[in-house]
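Please walk through this protein model with the coordinates open, taking the charged pairs, the helix packing and the surface in turn.

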Amino acid sequence: MNPHPQFASFLAAYSPEIQQLTLELRAFITDTIPEANELIWDNYNALATAYSKSEKLTDAFCHLSVYGKYVNIGFNRGVELTRPVVKLEGTGKLIRHVRVTDIKDFPREEIREMIYEAMGIADMRNPALAEKETPGISKVMSVSEKKRRPAQP
């Protein structure tokens, strides 16, 4: 799936290294689950993309949050993962994440297993999603007027 046309302009506020890292992580997710929709929020303090088989955030199984010096790959119901093979960070009720600063250190196969389990959790919560086989779409959900973006190096 190609990113929404506005995605590049949202990423432009970040360093070339963070832009590249984001695009590689995005490709990893969309290659792993091609039927996932990409829901984009250009928020006040981060660019966020959620991946869901519907167009609802409540059905999302994982997400990316782009910050000035790193990108988080998160699991919307990370506390429910039964086989987290990578140590997840976070203290909230549901969401857990892994901070990624360099794609060379990214544990691809371990995270892929976790994405499959997270998608299974989402499918159990909404069984109608399990049947989706059509390619995903990339959709901008909202754009914040005011932004706090990272300072460029």
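Asp102 has a relative accessibility of 28%, and because the partly exposed class lies between 20% and 50%, Asp102 counts as partly exposed. The model under discussion is a predicted one, and in it Asp102 is the partner of Lys104 in a salt bridge whose closest N and O atoms are 3.8 Å apart, a separation that falls within the 4 Å allowed for such a pair. Lys104, for its part, is exposed, with a relative accessible area of 70%, whereas Asp102 is partly exposed.

The pair of Lys104 and Asp102 is one salt bridge, and a search of the whole structure finds 6 of them. Another joins the side chains of Lys53 and Asp123, where nitrogen and oxygen are 3.1 Å apart. Lys53 belongs to the loop between strand 2 (47-52) and strand 3 (62-66), while Asp123 belongs to helix 3, so this salt bridge ties together parts of the chain that are 70 residues apart in sequence. How accessible are the two partners, Lys53 and Asp123? Lys53 is buried, its relative accessible area being 7%, and Asp123 also counts as buried, at 14% relative accessibility; both assignments follow because the class takes in residues under 20%.

Helix 3 holds a further salt bridge, in which the side chains of Arg112 and Glu109 meet at 3.2 Å, N to O. Why can these two be described as about one helical turn apart? Arg112 and Glu109 are 3 residues apart in helix 3, and that is why they are separated by about one turn. Glu109 counts as partly exposed because its relative accessibility is 48%, a value under the 50% above which a residue would be called exposed.

Two other residues of helix 3 can be followed outward to their surroundings. Glu113, which has its place in helix 3, is partly exposed at 45% relative accessibility; its C-alpha atom lies 18 Å from that of Glu24, a residue 89 positions away along the chain. Gly120 is likewise found in helix 3 and counts as partly exposed, with a relative accessibility of 26%, and the C-alpha atoms of Gly120 and Ala130, which are 10 residues apart along the chain, are separated by 8.0 Å.

How does helix 3 stand relative to helix 2? The axes of helix 2 (residues 16-32) and helix 3 (residues 108-125) come within 11 Å and cross at roughly 50°, which means that helix 2 is oblique to helix 3. The crossing in which helix 2 passes helix 3 is right-handed.

Strand 5 is the place of Val100, a residue that counts as buried at 4% relative accessibility. Val100 and Thr22 are separated by 78 residues in sequence, and their C-alpha atoms are 9.5 Å apart in space.

Finally, the surface carries a nonpolar patch. Which residues form it? The patch is made up of Val79, Leu94 and Ile95, which together have about 210 Å² of accessible area. Leu94 sits in the loop between strand 4 (71-75) and strand 5 (96-100), and Leu94 counts as partly exposed because its relative accessibility is 31%, a value over the 30% that a residue needs for inclusion in a patch.

Notes. Residues are numbered from 1 along each chain as its sequence is written. This is a predicted model: local features need pLDDT of at least 70, side-chain atom pairs count only at pLDDT 80 or more; totals for chains, interfaces and linings use all residues. Side-chain values use heavy atoms; hydrogens and water are left out. Patches are made of residues with over 30% relative accessible area and no salt bridge: like charges are joined within 9 Å, nonpolar side chains (Val, Leu, Ile, Met, Phe, Trp, Tyr) within 5 Å. Accessible areas come from the Shrake-Rupley method with a 1.4 Å probe; for residues, only the protein chains shown count as cover. Helices (H or I, at least four residues) and strands (E, at least two) are DSSP runs, numbered from the N terminus. Buried means under 20% relative accessible area, exposed over 50%, partly exposed in between (1.4 Å probe, protein chains only). Axes are lines fitted to C-alpha atoms, for helices over the stretch in contact, and angles run from 0 to 180 degrees between N-to-C directions. Angles under 35 degrees count as roughly parallel, over 145 as roughly antiparallel, 65 to 115 as roughly perpendicular and the rest as oblique. A crossing is left-handed if the near helix is turned anticlockwise from the far one by less than a right angle, and right-handed if clockwise.
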